[in-house]
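Reader: Hello! I have this model open at the bench and would love a close look at a single part of it. Could you walk me through one helix and its surroundings?

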Amino acid sequence: KYKFNSHVGFVDEQEVEELAKIVDYVSFDFVSDPEVIKKVYKIEKTKEEYINMYKILSAKLPVHPHITIGIDEGKIHWEYEAIDELYKLGADRLVFNVLIPTPGTEFEGVEPPDLEEVRKVLQHARKVFEGKLVIIGCMRPAGGYRLELDKIAVEEGVDRIVQPTPKARQLAEEMGLEISNSYECCVI
């Protein structure tokens, strides 16, 4: 009765075979800019290697790509290309997280991405992924930022929001949207 989602990075084909025996879904952080990959993840990978990893994983398992908006020190630039690439790869849903400037990390002093720029990313995703799921995942800043982000997500037609703020839920009700609750990972 349990469903298993594994959030993986780069794995080899044998590991994919093993994963396919035990997990139902794979979450995969997708980045299309090699400079961002190097700066944030500290690995030397290319956009093509990310695309290839997505293909290898999706050949054996349902893969749910994640894009962290603003992961490049709060700046937004590569996310649009990543959305377009994932659409071309046939992704049926797209999960967005948003950079949290986390104490104790090298990005602790940066500002989260500008909310109007985040809105533009969500608008682009909603247009490109028409008829497919667009999701706001669990990783996003708290407080007033989250209140506004969740409101923007509702306004821009995001399909799912993990633990939405009460104001976002209220806005969805006012807009006449159908609301349902789920107690599973957002990709399931």
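Author: Happy to help; what follows is a tour of helix α5, its surroundings, and a few loop residues elsewhere in the chain. Please keep in mind that this is a predicted model.

Let's start with the sheet that the helix rests on. Its 6 strands are arranged in the order β1-β2-β3-β4-β5-β6, forming an open sheet with parallel pairing. The edges are taken by β1 (5–8) and β6 (160–161); each has a single partner strand, so one side of each has no neighbour in the sheet. At the β6 edge, strand β5 (residues 133–136) pairs with β6 in the parallel sense over 2 bridges, and there I135 is placed opposite R160.

Helix α5 itself spans residues 115–128 and packs on this sheet, where it touches β3 (63–69), β4 (93–98) and β5. If you compare directions, α5 makes about 175° with β4. An angle over 145 degrees counts as roughly antiparallel, so the helix runs roughly antiparallel to that strand.

Now turn to the helices that α5 packs against. One of them is helix α6 (residues 143–155): the two pack at an angle of about 30°, and their axes are 10 Å apart. That angle makes α5 roughly parallel to α6. Their crossing is right-handed. If you want to find the contact on screen, select L115, E116, V118, R119 and L122 on the α5 side, then Y145, E148, L149, I152, A153 and E155 on the α6 side. By character, the residues of this contact comprise 7 nonpolar and 4 charged, with no polar ones.

Another packing partner is helix α4 (residues 79–88), which meets α5 at an angle of about 15°, with 10 Å between the axes. Here again the helices are roughly parallel, which follows from that angle. The crossing of α4 with α5 is right-handed. From α4 come E79, Y80, I83, D84 and Y87, and they meet E117, K120, V121, H124, A125 and V128 of α5. This contact divides into 6 nonpolar residues, 1 polar and 4 charged.

Just ahead of α4 there is a loop worth a click. E73 lies in the loop between β3 and α4, and its phi is positive, about 55°, although E73 is not a glycine. Most residues other than glycine have a negative phi. With a relative accessibility of 33%, E73 counts as partly exposed.

K42 is a further residue with a positive phi, about 60°, and it is not a glycine either. You will find K42 in the loop between α2 (34–41) and α3 (47–58). Within helix α2 sits K38, which counts as partly exposed because its relative accessibility is 43%. Setting aside its neighbours within four places in sequence, K38 is in contact with I43 and E44.

Finally, back to the sheet, at its β1 edge. β1 and β2 run parallel and are joined by 4 bridges, with H7 opposite S27 of β2. Strand β2 (residues 25–29) is mostly covered, as 4 of its 5 residues are buried.

To put the view of your helix back together: α5 packs on the sheet by touching β3, β4 and β5, while α6 and α4 each lie roughly parallel to α5.

Definitions and conventions. Residues are numbered from 1 along each chain as its sequence is written. This is a predicted model: local features need pLDDT of at least 70, side-chain atom pairs count only at pLDDT 80 or more; totals for chains, interfaces and linings use all residues. Side-chain values use heavy atoms; hydrogens and water are left out. Two strands pair if DSSP finds at least two bridges between them. Contact means heavy atoms within 4.5 Å. Axes are lines fitted to C-alpha atoms, for helices over the stretch in contact, and angles run from 0 to 180 degrees between N-to-C directions. Angles under 35 degrees count as roughly parallel, over 145 as roughly antiparallel, 65 to 115 as roughly perpendicular and the rest as oblique. A crossing is left-handed if the near helix is turned anticlockwise from the far one by less than a right angle, and right-handed if clockwise. Ala, Val, Leu, Ile, Met, Phe, Trp, Tyr, Cys and Pro count as nonpolar, Asp, Glu, Lys and Arg as charged, and the others, Gly among them, as polar. Buried means under 20% relative accessible area, exposed over 50%, partly exposed in between (1.4 Å probe, protein chains only).
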